[in-house]
Amino acid sequence: MGKDTIADVITSIRNVDMNRKGTVRILSTNITENIVKILLREGFIENVRKLRENNKYFLVLTLRYRRNRKGLYKNKTLLNLKRISKPGLRIYSNYQRIPRIFGGMGIVILSTSIGIMTDREARLKKIGGELLCSIW
């Protein structure tokens, strides 16, 4: 775990998704809790639990997988996560220039002045912010 908690969360989810483990445990902060709420609401993860170990809180995420007719998991990874804004290069956008991922099929998570939200919510409220990550 480094200084960039958002990149750590994205990398943990991506690694668990590639290995088909099903669950991942990440450190709980306000930013990670808000990102996980968005992922849960958008249907990228199935379940979230909060654990406490040694005075630290962790979130246990259960990822959602699709099965084919024979009951086996698909070989292709389900989640594609990409960090946009990094600690060395912050990327900001107004609401008119927020990128659309696959014509609206994916989502962009933004940090705005009123909280962390998806690109669709930011366009509706007509506010911009820092582009944190994209998921498709």
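Is Asp17 buried or exposed? Select Asp17 and see: at 1% relative accessibility, Asp17 counts as buried. Here buried means under 20% relative accessible area, exposed means over 50%, and partly exposed is in between, using a 1.4 Å probe and protein chains only.

Before moving on, a word on what you have open. This is a predicted model, where local features need pLDDT of at least 70, side-chain atom pairs count only at pLDDT 80 or more, and totals for chains, interfaces and linings use all residues. Residues are numbered from 1 along each chain as its sequence is written, and side-chain values use heavy atoms, with hydrogens and water left out.

**Stop one: Asp17**

Stay on Asp17, whose place is in helix H1. Helices (H or I, at least four residues) and strands (E, at least two) are DSSP runs, numbered from the N terminus. Now add Leu79 to your selection: the side chain of Asp17 reaches the backbone nitrogen of Leu79 at 3.0 Å. That is a polar contact, a pair of N or O atoms within 3.5 Å; within protein, one must be able to donate a hydrogen and the other to accept it, and residues adjacent in sequence count only if both atoms are side-chain atoms.

**Stop two: Arg64 and Gly43**

Next, pick Arg64, in the loop between strand E3 (56–63) and E4. Arg64 is partly exposed, with a relative accessible area of 36%. Its side chain reaches the backbone oxygen of Gly43 at 3.2 Å. Show the C-alpha atoms too: those of Arg64 and Gly43 are separated by 7.8 Å, with the two residues 21 apart along the chain.

**Stop three: the salt bridges**

How many salt bridges does the structure hold? It has eight, each being a side-chain nitrogen of Lys or Arg within 4 Å of a carboxyl oxygen of Asp or Glu. Side chains of opposite charge can pair when their charged atoms come close.

Try Arg83 and Asp4, whose closest N and O atoms are 3.0 Å apart. This pair links distant parts of the chain, with Arg83 in strand E4 and Asp4 in the segment before helix H1 (5–19), 79 residues apart. Arg83 is buried, and so is Asp4.

Then select Glu33 and Lys50, a salt bridge with the closest N and O atoms 2.9 Å apart. Glu33 is in helix H2 (residues 30–42) and Lys50 is in strand E2 (residues 45–53), 17 residues apart. Lys50 is partly exposed, at a relative accessible area of 49%.

While Lys50 is highlighted, bring up Tyr57: the charged end of Lys50 sits over the ring of Tyr57, 5.0 Å from its centre. A charge sits over a ring if NZ of Lys or CZ of Arg is within 6 Å of the ring centre and within 35 degrees of the ring normal. For another case, go to Arg25, whose charged end sits over the ring of Phe58, 4.1 Å from its centre.

One more salt bridge: Glu121 with Arg41, the closest N and O atoms being 3.0 Å apart. Glu121 belongs to helix H3 (residues 119–125) and Arg41 to helix H2, 80 residues apart. Glu121 is partly exposed, with a relative accessible area of 27%.

**Stop four: Thr118**

Arg41 turns up again here. Select Thr118, in strand E7 (residues 115–118), which counts as buried at 1% relative accessibility. Leaving aside neighbours within four places in sequence, Thr118 is in contact with Ile38, Arg41, Glu42, Ile107, Val108 and Leu110; contact means heavy atoms within 4.5 Å.

**Stop five: strand E8**

Leu110 leads to the next stop, as Leu110 stands opposite Leu131 in E8. Strands E6 and E8 pair in the antiparallel sense over five bridges, and two strands pair if DSSP finds at least two bridges between them. E8 also pairs with strand E4 (residues 81–83) in the antiparallel sense, over three bridges, and there Leu81 stands opposite Ile135. With E5, E8 makes an antiparallel pairing over two bridges; the bridge partner of Ser93 is Gly129 in E8. Seven of the seven residues of E8 are buried, so E8 is largely enclosed by the rest of the structure.

**Last stop: the rings**

A search of the whole structure finds one aromatic pair. Select Phe102 and Trp136: they are edge-to-face, 5.8 Å centre to centre, with 65° between the planes. Rings of Phe, Tyr and Trp (its six-membered ring) pair if their centres lie within 6.5 Å; planes under 30 degrees apart count as stacked, over 60 as edge-to-face and the rest as tilted. Phe102 counts as exposed at 56% relative accessibility, and Trp136 as partly exposed at 31%.
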